[in-house]
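Let's take a walk through this one together, starting from a single side chain and working outwards. Keep the viewer open as you read.

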Amino acid sequence: MEKLLEVRGLKKYFALNKGLFSKGSTIIKAVDDVSFDLKGGETLGVVGESGSGKSTVGRSILRLIEPTAGEVNYKGENILSLKGESLRSFRKNAQMIFQDPYASLNPRMRVGDAIIEPILSHNLMSRGDAIDKAVELLEKVGLDKDYFDRFPHQFSGGQRQRIGIARALGLEPEVIVADEPVSALDVSVQAQIINLFKDLQEEFGFAYLFIAHDLSVVKYLSDRIAVMYLGEIVELCKKEELFENPMHPYTKALISAIPKPDPRIKEKRIILKGDIPSHSNPPSGCKFSSRCYCVMDICKEKHPELIDYNGHKVRCHLFSKGGENNGEISSKENC
Amino acid sequence: MSKEKRYEKEVKAFLSHRLGMIGLIGVAILILIAVFAPFIAEPVSGYGEYEEKLLPPSSKYWFGTDDMGLDLFSQVIWGTRSSIRVGIIAVFIAISIGVPVGLLSGYYKGLFDTIGMGLTEIFLTIPMLPLIIVTAAVLETTSINTVAFIIGIFSWPSIARITRSTALKICGMQYLEAAKCLGIKTSKIIFKHILVNASTPIFVNLTIIMATSIITESAISFLGLGDPLAHSWGKILNNAHLSGAFGTAWWFSLFPSIAIMIFVVSFNFLSMGIRDALNPRISRE
Amino acid sequence: MGKYLQKRIVKGIITFFITITLTFLIVRLMPADPTTMLMDNRLTVAQQEQMLEDFGLDKPLPLQYVSFLGNLFKGDLGLSFMQKRPVMDIIKERLPWTLLLMIVTQAITLLIGIPLGVYSGYRRGSKIDHFINGISIFGISIFVPWLGFTLLYIFGYQLKMFPVGGAFTPGIEQGLPYILDVIKHLVLPVITLVFLYLANYVLYTRGSIIDVLSEDYIRTARAKGLKEKDVLWKHATKNAMIPTVTSAGMMLGSMVGGAVLTETVFAYPGVGRMIYQAVGQQDYPILQGAFIILALSVIIMNIVTDILCAYLDPRIKLE
């Protein structure tokens, strides 16, 4: 498959101004040197705790926020240099599904208008055709066509998320960034929406960048998974590989946190100590070192690089010095 | 929790808001009087009969006569028309300056915001009535439309402020981010997404501007700067003041003052009703 | 605090600068020819020429602006047409009366308005609350001159409790009798203005006390077992006062407008009445000067209010 998106060295820094009494400002590195590819029709899951920078990555590649540095190439064209009208017309290629279905629809706009508005804004078809298309899309996402004239407040969260999906599909995008699209929904509805995502991808063949805060949600959908921690990708590989052979201690902790369907399997859950550290004051060396249960001396001194082992990328000193787990092997459990 | 219920609740809250309903009825009556003024009273001008000057209210002259012997009832009725007109012109001017300034400040932020809000704050700080007086005085010829225009020119800051704060609030909403992401044209974002949602707070503010513009118009006319040919409640009071008759002919100043009060109270009650219906926390337990 | 003060003063200076520029433009750019507008056929030809020179009206507009600014900073506001005296001298006689009227009004309004608002908000929904609210709205809506006339008619002409105009009785010019005389003349104008502006403070305070009373620290104070009286009047009131005092600053500008009308009705010899007289006499230098000085007074009082707010609310200093 061809590469749709190439993200290279993406950075988003925020300057945090301090009060009157301290001079200067602190730099918050919300996203620090993130690189990955997205191929046509593929699903890349991005997983991390809140504050890991996963949403910032999604928003940066859609230019909803301006990245500080890096490149985002869409079919070879750097979209970070687009401006004005060319940026607006690029937008039909890449769409976003938002986390909060209650906030992402304008309460004063009828459902049908919300769906046809972008189609008309891009002059994709006449108003009449757009209305036909909107009706068709409503049915595609599992909603009744009579909902066309209703207002968003008449719908449940799951139904609104379907409306949001229909609205994005109207532009026939090739990339869809889904930013925790099910985390605001009831558990019973989550599975329906995830299935809808899967069905639609099979029908339309677009690629997903699927952002979630735990692995259980992306497990079913993703082809590959990137794990993020404090603005960095710490592990990136095929889904099967990640679950069978997780390398980074953080990934292992996340996997152990997935509820097991069979209660007889007694796998010990890895409990991470402490909270995710503050962006303004990350630990020196490896950013995960303050919570890592495999921490070594080098971890507090040297920042690990993202190293590629036959397509399985990991950022951890356990695996540095090229190849097998040949750093100092820790005697601690799970490392 | 559904929003539909909330809208219904808002309408219900307004309908059960006693003061708000009084305001609505008052505004409706004032508009009717203004529209049908020619059917209610003959317009009067010039000089009346000398022996009819300063007559107290009677069955012939319901509100009495002024120092020229002219019917005060007719003047008050026709004054309603001028007042509504002044209010509408002032509001129109205030919107056409205030809304764009507020939108630019709230949507584009940055330099627009610094300049827009700086100007707004300055206009809110400096004493407006003396400035309007100076402007009206140097204009020399003041028709009622000019007076309304001047009042409007100096009434935009509150509109700009309310528009900006609503625009800022909506810019933080996810549906605006969604609209940008969908590649909706900026003009559409501003009109269909921001302005539509900002219309209610702007409307509440407009009713208040209606009320204050009438107070200002009356004040200008009272100071002798109004349109000498128009019927204005402030002008009647100016005549009462100049003729020195307020001590003897109580009706001379009472009726136009009551008219001003009804006008202002109605619009203030109306805005209170709408505001409380939207924000029930302040008014109800 | 020092930095806040500095910022606030810079803002005040910018506001003043824009105000005078606006005045200059309004007076000079009006459709009427400024030469004829400033001329008065009651003046001799020599005086007219002198006046043209005084105002620099023979020079191009930017130069006029520069000399306008220059004169202003020397305290020169030009000559009054009618009194043929420097505008500044006339204003100096009038301004103290206006300031006295406004400061007394502001103080009394805050002293009555805050407790009324606190009580009204505390007893929200009660009959007393509705009554206070209703009265407040009427206060906003009443037309000042008429309220003034009515008070004057009842208490001045009929009951003869208070003087019917002016700021003092000629002849009494020093000591306690003078002070009492001035207070007596002040009563009716102040009542008029207080009634007009009370509502704003009552409604502001009411709104913020309702907000404050639902805060956690009030619940904590109650849970601690503090007397309800102390919770309301000490803890809640102190915090609810901040927006009220802030609005008091914003209100000054409109209060000047009220003062113009009130002074006119009561023949009170302040700047407001001077404006009224100048309108009748088409004395433009007086109008312009009066506006500039009133704007300056408001800007200065605004800075004072903001400093007061910063004193009440420690958060402001950190911003």
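Start with Thr205(C), which has a relative accessibility of 1% and so counts as buried, the cut-off being under 20%. Bear in mind as you look around that this is a predicted model. Thr205(C) belongs to helix α8 of chain C. What does Thr205(C) touch, if you ignore residues up to four places away in sequence? The list is Gly113(C), Ile114(C), Gly117(C), Val118(C) and Thr244(C).

Now hop over to Asn133(C), which sits in helix α6 of chain C. Is Asn133(C) buried or exposed? Its relative accessibility is 7%, so Asn133(C) counts as buried. Once you set aside the neighbours within four places in sequence, Asn133(C) is in contact with Leu203(C) and Arg206(C) from its own chain, and with Met272(B) from chain B. For a distance to check in your viewer, try Asn133(C) to Gly121(C): they are twelve residues apart in sequence, and their C-alpha atoms are 9.9 Å apart in space.

For a contrast in chain C, go to Lys160(C), in the loop between α7 and α8. Lys160(C) has a relative accessible area of 63%, and because the cut-off for exposed is over 50%, this residue counts as exposed. The backbone is worth a look here too: Lys160(C) is not a glycine, yet its phi is positive, at about 55°.

That contact from Asn133(C) to Met272(B) is a handy way into the interface between the two chains. How many residues of chain C are in contact with chain B? There are 51 of them, and they meet 47 residues of chain B. Putting the two chains together buries about 4,500 Å², and carbon and sulfur atoms give 77% of that area. If you want to know where to point the camera, pick Phe143(C), Trp146(C) and Phe149(C): these three supply 15% of the area that chain C buries against chain B, more than any other three residues.

What about polar interactions across that interface? The rule finds one salt bridge between chain C and chain B. It links Lys11(C) to Glu121(B), with the closest N and O atoms 2.7 Å apart. As for polar contacts, the count between these chains is two residue pairs, with both residues at pLDDT 80 or more. Several helices of chain C each supply at least two residues to the side that touches chain B: α1 (2-28), α6 (127-141), α7 (144-158), α8 (175-213), α10 (228-266), α11 (271-281) and α12 (284-312). By residue type, that side of chain C divides into 35 nonpolar, twelve polar and four charged residues.

Step across to chain B itself. Its secondary structure comes to 13 helices and zero strands. The C-alpha atoms fill a box of roughly 75 × 45 × 30 Å along the principal axes. Chain B has 285 residues, and 57% of them count as buried. If you look at contacts in chain B between residues at least 6 apart in sequence, 71% join residues at least 24 apart.

Chain A gives you some strands to look at. Why is strand β10 (residues 232-238) of chain A described as largely enclosed by the rest of the structure? Six of its seven residues are buried, so the description follows from that count. Strand β9 (residues 224-229) runs antiparallel to β10(A), and six bridges join them. One of the pairings to find is Ile225(A), whose bridge partner in β10(A) is Cys237(A). The two strands form a hairpin with two residues between them, and Leu230(A) in the turn has a positive phi of about 45°.

β10(A) also pairs with strand β12 (residues 312-314) of chain A, again antiparallel, through two bridges. Here Leu236(A) stands opposite Lys313(A) in β12(A). Finish in the loop between β11 (307-309) and β12 of chain A, where you will find Asn310(A). Asn310(A) has a positive phi of about 50° although it is not a glycine. Its relative accessibility is 83%, so Asn310(A) counts as exposed.

Terms used:
Residues numbered from 1 in each chain as written. Chains lettered and ligands numbered in written order. Predicted model: local features only at pLDDT ≥ 70, side-chain atom pairs only at ≥ 80, totals over all residues. Heavy atoms only, no water. Contact = heavy atoms within 4.5 Å. Buried area = accessible area lost by both parts, 1.4 Å probe. Salt bridge = Lys/Arg side-chain N within 4 Å of Asp/Glu carboxyl O. Polar contact = N/O pair within 3.5 Å; in protein donor to acceptor, adjacent residues only side chain to side chain. Helix = DSSP H or I, 4+ residues; strand = E, 2+ residues; numbered from the N terminus. Nonpolar A, V, L, I, M, F, W, Y, C, P; charged D, E, K, R; others polar. Buried < 20%, exposed > 50% of the residue type's maximum accessible area, 1.4 Å probe, protein only. Pairing = 2+ DSSP bridges.
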